[in-house]
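Colleague: Please give me a close look at one part of this model, its pockets, and then work outward to whatever surrounds them. I would like a single connected account that I can follow with the structure open beside me.

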Amino acid sequence: MILAKAFGFNTTPANIEARTIGFKKLSLQEARALLEGGFVSAVGHAETARIASALLGLPVAPNRATVTLGPGEGLVLPQYRAPGSPRG
């Protein structure tokens with residue numbers, strides 16, 4: 001399992017001709033359960049890793065890694081929306 005901030009087509013192996021990719025919205029509890037068995041962090045920014053760690057209740061190390069998904073491998077993409085600036 002991989003924890004990353006973003007997904008791009010370069011995440012898929014270059015030597016494949018076709019691939020179907022699915023996305024599923026997960027609760028924090030579901031994401032935590034997927035990651036508790038171990039994961040590779042590909043969260044590049046320290047502050048993003050800190051927020052992900054606080055939300056998931058798991059240690060997330062900042063790691064500027066380029067990852068390529070293998071067959072059957074999963075990717076968890078946390079989406080955090082910070083509170084907006086006050087209007088004024």
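**The pockets and their setting**

Modeller: The lining of the second largest pocket divides into 7 nonpolar, 5 polar and 2 charged residues. Please keep in mind throughout that this is a predicted model. The space in this second largest pocket comes to about 170 Å³, and of the 14 residues that line the pocket, Ala 6, Thr 11, Ala 65, Thr 66 and Val 67 are the closest to its centre.

The largest pocket, by contrast, has a volume of about 1,000 Å³. Its lining is made up of 33 residues, and those that lie nearest its centre are Lys 24, Leu 26, Leu 75, Val 76 and Leu 77. The elements that give two or more residues to this lining are α1, α2 and β3, with α2 supplying the largest share, 5 residues. Sorted by class, the lining of the largest pocket holds 20 nonpolar, 8 polar and 5 charged residues.

Since α2 gives the largest share of that lining, the helix deserves a description of its own. Helix α2 spans residues 46–56, and its buried residues are Ala 49, Ala 52 and Leu 56. Viewed down the axis of α2, these buried residues fall within an arc of 65°, and they therefore line one face of the helix. The general background is that an α-helix has 3.6 residues a turn, so residues three or four places apart point the same way. The face of α2 turned away from the buried side carries Ala 46 and Ala 54, both of them exposed. As for what lies over the buried residues of α2, the cover includes β1 and α1, the latter being residues 28–35. Just after α2, Gly 57 takes a positive phi of about 70°.

The strand β3, another contributor to the lining of the largest pocket, leads on to the sheet. This is an open sheet of 3 strands in the order β2-β1-β3, with parallel pairing. Strands β2 (40–42) and β3 (75–76) stand at the edges, each with a single partner strand, so that one side of each has no neighbour in the sheet. Strand β1, residues 2–4, pairs with β3 in the parallel sense over 2 bridges, and Ile 2 stands opposite Leu 75 in β3. Leu 75 thus appears twice in this account, for it is also one of the residues nearest the centre of the largest pocket.

The connecting segments can be placed around this framework. Both Phe 9 and Lys 25 are found in the loop between β1 and α1. Phe 9, at 71% relative accessibility, counts as exposed, and Lys 25 counts as exposed at 80%. In the segment after β3 one finds Gln 79, which is exposed as well, with a relative accessible area of 61%. Measuring from C-alpha to C-alpha in the model, Lys 25 and Gln 79 are 10.0 Å apart although 54 residues separate them in sequence, while Phe 9 and Gln 79, 70 residues apart along the chain, are separated by 18 Å. For Gln 79 and Pro 13 the corresponding figures are 66 residues in sequence and 24 Å in space. Gly 38, placed in the loop between α1 and β2, is partly exposed, with a relative accessible area of 38%, and its C-alpha atom lies 17 Å from that of Ala 54, which is 16 residues away in sequence.

Finally, the chain as a whole supplies the context. Its secondary structure comes to 2 helices and 3 strands, which follow the pattern β-α-β-α-β when read along the sequence. The C-alpha atoms fill a box of roughly 50 × 35 × 25 Å along the principal axes, and buried residues make up 24% of the 88 residues. Of the contacts with a separation of 6 or more, 65% join residues 24 or more positions apart.

Notes. Residues are numbered from 1 along each chain as its sequence is written. This is a predicted model: local features need pLDDT of at least 70, side-chain atom pairs count only at pLDDT 80 or more; totals for chains, interfaces and linings use all residues. Side-chain values use heavy atoms; hydrogens and water are left out. Two strands pair if DSSP finds at least two bridges between them. Helices (H or I, at least four residues) and strands (E, at least two) are DSSP runs, numbered from the N terminus. Buried means under 20% relative accessible area, exposed over 50%, partly exposed in between (1.4 Å probe, protein chains only). The arc is that of the directions from the helix axis to the C-beta atoms. Contact means heavy atoms within 4.5 Å. On a 1 Å grid over the protein atoms alone, a cavity is a set of points where a 1.4 Å probe fits but cannot get out, and a pocket is an open set with protein on both sides within 12 Å along at least five of seven lines; lining residues have an atom within 4 Å of a point. Grid points are joined across faces, edges and corners, and a volume is the space filled by probe spheres set on the points. Ala, Val, Leu, Ile, Met, Phe, Trp, Tyr, Cys and Pro count as nonpolar, Asp, Glu, Lys and Arg as charged, and the others, Gly among them, as polar.
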